[in-house]
Amino acid sequence: MSVTDTSGARIAAWWVHVLTRTAEPTAGRDRRAEIASDVHEQLTDAWEQGALAAGSRSVVGRVVRGVPADLIWRIGLEARPGRLAWHLRNPSTALTSAFLVMV
């Protein structure tokens, strides 16, 4: 089993994909790479200690605890004036963003 085949790695990959799906390409690519690197390092350490399952659960916990910070990052990314034109062309994303801010 590879460290990328764990449920924690798959959940983290899914979340960062959802989070960055409509982000600016460079920002989204950078965020996905950052998260993938963090997850890989954490799971490699867990694997070396013989605790891959525990490491995978820990990754899931980090994903859940990191959701507020991830949403703040995304809102900050989208709140810039340069993104207004994109949001006007994609109103569903603007409505989703507004809903997330209200929640």
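This is a short talk on the fold of one chain, three of its residues and one of its pockets.

The model is a predicted one. I will start with the whole chain and then go down to single residues.

The chain has five helices and zero strands. Reading from the N terminus, the order of elements is therefore simply α-α-α-α-α. Of its 103 residues, 31% count as buried. The accessible surface is about 6700 Å², and carbon and sulfur atoms hold 64% of that. Then the contacts: among those in the chain with a separation of 6 or more, 63% are between residues 24 or more positions apart.

Next, threonine 20, which lies in helix H1. Is threonine 20 buried or exposed? Its relative accessibility is 2%, and buried means under 20%, so threonine 20 counts as buried. Which residues does threonine 20 touch, if we do not count those up to four places away in sequence? They are Gly28, Arg31, Arg32, Trp73 and Arg74. With one of these, arginine 32, threonine 20 also makes a side-chain to side-chain polar contact of 2.7 Å.

Now to helix H3, where we find aspartate 70. Aspartate 70 has a relative accessible area of 10%; the limit for buried is under 20%, so this residue is buried too. Leaving out neighbours within four places in sequence, aspartate 70 is in contact with Trp15, Leu19 and Arg31. The side chains of aspartate 70 and tryptophan 15 are joined by a polar contact, at 2.7 Å. Arg31 has come up before: threonine 20 touches Arg31, and aspartate 70 is in contact with Arg31.

For contrast, take glutamate 34 in helix H2. Its relative accessibility is 41%, between the 20% limit for buried and the 50% limit for exposed, so glutamate 34 counts as partly exposed. Glutamate 34 is 18 residues from valine 16 in sequence, and their C-alpha atoms are 9.8 Å apart in space.

Last, a pocket. How much space lies in the second largest pocket? The value is about 280 Å³. This pocket is lined by 16 residues, and those closest to its centre are Ile35, Arg62, Val63, Gly66 and Asp70. Asp70 is the aspartate of helix H3 that I described earlier. Which helices each supply at least two residues of the lining? They are helix H1, spanning 7–20, helix H2, spanning 25–48, and helix H3, spanning 52–78. Sorted by class, the lining has eight nonpolar, two polar and six charged residues.

To go back over the main points: the chain has five helices and zero strands. Threonine 20 is buried, aspartate 70 is buried, and glutamate 34 is partly exposed. Asp70 is among the residues closest to the centre of the second largest pocket. That is the end of the talk.

Technical notes
Residues numbered from 1 in each chain as written. Predicted model: local features only at pLDDT ≥ 70, side-chain atom pairs only at ≥ 80, totals over all residues. Heavy atoms only, no water. 1 Å grid on protein atoms, 1.4 Å probe; cavity = no way out; pocket = protein on both sides within 12 Å on 5 of 7 lines; lining within 4 Å. Points joined across faces, edges and corners; volume = space filled by probe spheres on them. Helix = DSSP H or I, 4+ residues; strand = E, 2+ residues; numbered from the N terminus. Nonpolar A, V, L, I, M, F, W, Y, C, P; charged D, E, K, R; others polar. Buried < 20%, exposed > 50% of the residue type's maximum accessible area, 1.4 Å probe, protein only. Polar contact = N/O pair within 3.5 Å; in protein donor to acceptor, adjacent residues only side chain to side chain. Contact = heavy atoms within 4.5 Å. Areas by Shrake-Rupley, 256 points an atom, 1.4 Å probe, with all protein chains shown as cover.
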